[in-house]
Amino acid sequence: MSAKRKRVVVSLETKLNAIRRLDNVVEAFLENKKLPRKALLILDNASSHPDADELVSDGIRALFLPPNVTALIQPLDQGVLETFKRNYKKRLLRNLLEKLEDGLGVTDALKLITIKDVVYWVSEAWDNVREDTIRRSWRKLFGIEKASRQETAAPENQPRACPPENEELVNLCNHLPVAEPISAEDISEWINGDEDQALTDDVIIQMLNQPEDDDNDEPDGATEKISHTEGLRTIEGALAYIEQQETATTNDLVWLRRWRNRAASLRSSNLSQKTITDFFGKKD
């Protein structure tokens, strides 16, 4: 392993297994098409990839693209990933502000975030990436549509205006107890600041050698189980609230009513069946 190209140890075997599976798929395709066993796997120049000489199988080999061309040739880098990360960070900030309204500090609010919360936020962030965003990424890639930054670039002697898509993030950040106002440049740096981060072997070894702290995985205390009666009451309240919202859709109401009926059915099934003696009071 060369010092020039550090590898992420924990993912190396996974990547090699993926390459082997891909090798089988390519080989089957070539055999079906009666083509010679020759193929080229083109990869970006990420430091986590194995060396090119490790990705060779007879006539099938890998070729790394030149450095710093990912943003030019990959569709996801034409605005899709940035939109996804922006959606995720909006959800994170809204969660923090909700906790602050309940009287918690920023540090305590962050400690309450669980892996399950993050998984749901990631799913929600991707669901909110619109189809036209993906279409525009391909149009930018083929030069059909110029990037908005190039079309609306401000003169060098004038401050750059905040992109409309970042205005909500700026507003949310400035509702936090920050020492200085958050600017559009701060938001852009926050969104794109993780693009070049890669874990080296030394960093991974250091992480593995640190003692595990299970207390940080989930909030203290077990979650109190909600009864079917209480759940039914809560869903009915949520249903009444959503019915009053102009943005509510039919699917929203149908989904909630389905859960309302399910909660009512579960509540009924848990009630003790009355006997005829229950309808008569006890004699004095």
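Here are some notes on this predicted model, going from overall confidence to one helix, one pocket and one loop residue.

1. Confidence first. The mean pLDDT for the chain is 76, and 69% of the residues reach at least 70. Residues 1–10 fall below 50, although that stretch still has 26 contacts in the model beyond near neighbours in sequence. Residues 147–154 are also below 50, and there the count of such contacts is seven. Where pLDDT is low, the predicted coordinates should not be read in detail.

2. The overall make-up. You're looking at twelve helices and three strands. Of the 284 residues in the chain, 21% are buried. As for contacts between residues at least 6 apart in sequence, 57% of them join residues at least 24 apart.

3. Helix α12. This one runs over residues 250–270, so to speak a 21-residue rod by its numbers: the first and last C-alpha atoms are 30 Å apart, close to the 30 Å expected at 1.5 Å a residue. Which residues of α12 are buried? Leu 256, Ala 263 and Ala 264 are. Looking down the helix axis, the buried residues of α12 sit within an arc of 100°, so they line one face of the helix. On the other side of α12 you'll find Thr 250, Asn 251, Arg 258 and Ser 269, which are exposed. As general background, an α-helix has 3.6 residues a turn, so residues three or four places apart point the same way.

4. What sits over that face. The cover on the buried residues of α12 includes α11, residues 228–243. Keep this pair of helices in mind for the next point.

5. The second largest pocket. Its volume is about 190 Å³. Both α11 and α12 supply at least two residues each to the lining of this pocket, and α12 gives the largest share, with five residues. The lining includes Trp 255, Leu 256, Trp 259, Ala 263 and Leu 266, along with Ile 226, Ser 227, His 228, Gly 231, Thr 234 and Ile 235. Leu 256 and Ala 263 therefore turn up twice: they belong to the buried face of α12 and also line the second largest pocket.

6. A loop residue to look at. Where is His 49? It lies in the loop between β1 (39–43) and β2 (56–57). Is His 49 buried or exposed? Its relative accessible area is 12%, under the 20% cut-off, so His 49 counts as buried. Phe 64 is 15 residues away from His 49 along the chain, and their C-alpha atoms are separated by 9.4 Å.

Conventions. Residues are numbered from 1 along each chain as its sequence is written. This is a predicted model: local features need pLDDT of at least 70, side-chain atom pairs count only at pLDDT 80 or more; totals for chains, interfaces and linings use all residues. Side-chain values use heavy atoms; hydrogens and water are left out. pLDDT is the predictor's confidence in each residue, from 0 to 100. Contact means heavy atoms within 4.5 Å. Helices (H or I, at least four residues) and strands (E, at least two) are DSSP runs, numbered from the N terminus. The expected span of a helix is 1.5 Å times one less than its number of residues. Buried means under 20% relative accessible area, exposed over 50%, partly exposed in between (1.4 Å probe, protein chains only). The arc is that of the directions from the helix axis to the C-beta atoms. On a 1 Å grid over the protein atoms alone, a cavity is a set of points where a 1.4 Å probe fits but cannot get out, and a pocket is an open set with protein on both sides within 12 Å along at least five of seven lines; lining residues have an atom within 4 Å of a point. Grid points are joined across faces, edges and corners, and a volume is the space filled by probe spheres set on the points.
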